[in-house]
Amino acid sequence: MRKMMIAALAALCLSACATTGSGKPPAPPAPAETLAPILAPIAGNHVAAETIDLAFATADTALYVVDFMRSVGWIVDGSPKARALADVADDVKRWLVVADAAQTAGDQAKADSAFAKARAAYSLLLKALEH
């Protein structure tokens, strides 16, 4: 039941940041497992600015899920799980900021490296949410 609630909340959060331009609501987002290829670098072997933007939106959605879980009491403030989630979420955001700054500055190697670290941290965040 909890995983269904998390998936439903994630779908709601993601649908709020997507527009189709047709006036119709966007299609529901794919499950987290199928988002991994989307978050992969899309410009050859290099991460593109659009990929970094999508990663920021996806990380924000995960944080909305964490906030929801806190609000309903599934995560208790100050608990080991809450501290672990906060640490990993900080890592995701920090590496995405580094990747974005490096990509904007034209340092593609640094952007690729930082994005890979952000992806690894995001995987840890998803695992922490599951347990």
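In the predicted model, helix α3 spans residues 49-71, and its 23 residues extend 33 Å from the first C-alpha to the last, close to the 33 Å expected at 1.5 Å a residue. The residues of α3 that are buried comprise Thr51, Ile52, Ala55, Phe56, Thr58, Ala59, Thr61, Ala62, Val65, Val66 and Met69.

The packing of α3 against helix α4, which covers residues 80-105, brings the two axes within 10 Å, with a crossing angle of roughly 165°. Because angles over 145 degrees count as roughly antiparallel, α3 is assigned a roughly antiparallel orientation relative to α4. The crossing of α3 past α4 is left-handed. On the α3 side the contact is formed by Ala49, Ile52, Ala55, Phe56, Ala59, Asp60, Leu63 and Val66, whereas α4 contributes Leu85, Ala89, Val92, Lys93, Leu96, Val97, Ala99, Asp100 and Gln103. Among these contact residues of α3, Ile52, Ala55, Phe56, Ala59 and Val66 are also buried.

Just after α3, a positive phi of about 90° is found at Gly73. With respect to aromatic contacts, a pair of rings is described by the distance of the centres and the angle of the planes. The count comes to one aromatic pair, formed by Phe68 and Trp74, with 5.9 Å centre to centre and 85° between the planes, an edge-to-face arrangement. Trp74 has a relative accessibility of 31% and therefore counts as partly exposed, since that class lies between the limits of 20% for buried and 50% for exposed residues.

Methods:
Residues numbered from 1 in each chain as written. Predicted model: local features only at pLDDT ≥ 70, side-chain atom pairs only at ≥ 80, totals over all residues. Heavy atoms only, no water. Helix = DSSP H or I, 4+ residues; strand = E, 2+ residues; numbered from the N terminus. Expected span 1.5 Å × (residues − 1). Buried < 20%, exposed > 50% of the residue type's maximum accessible area, 1.4 Å probe, protein only. Phe/Tyr/Trp six-rings, centres within 6.5 Å; stacked < 30°, edge-to-face > 60°. Axes fitted to C-alpha atoms, helices over the stretch in contact; angles between N-to-C directions. Parallel < 35°, antiparallel > 145°, perpendicular 65-115°, else oblique. Left-handed = near helix turned anticlockwise from the far one by under 90°. Contact = heavy atoms within 4.5 Å.
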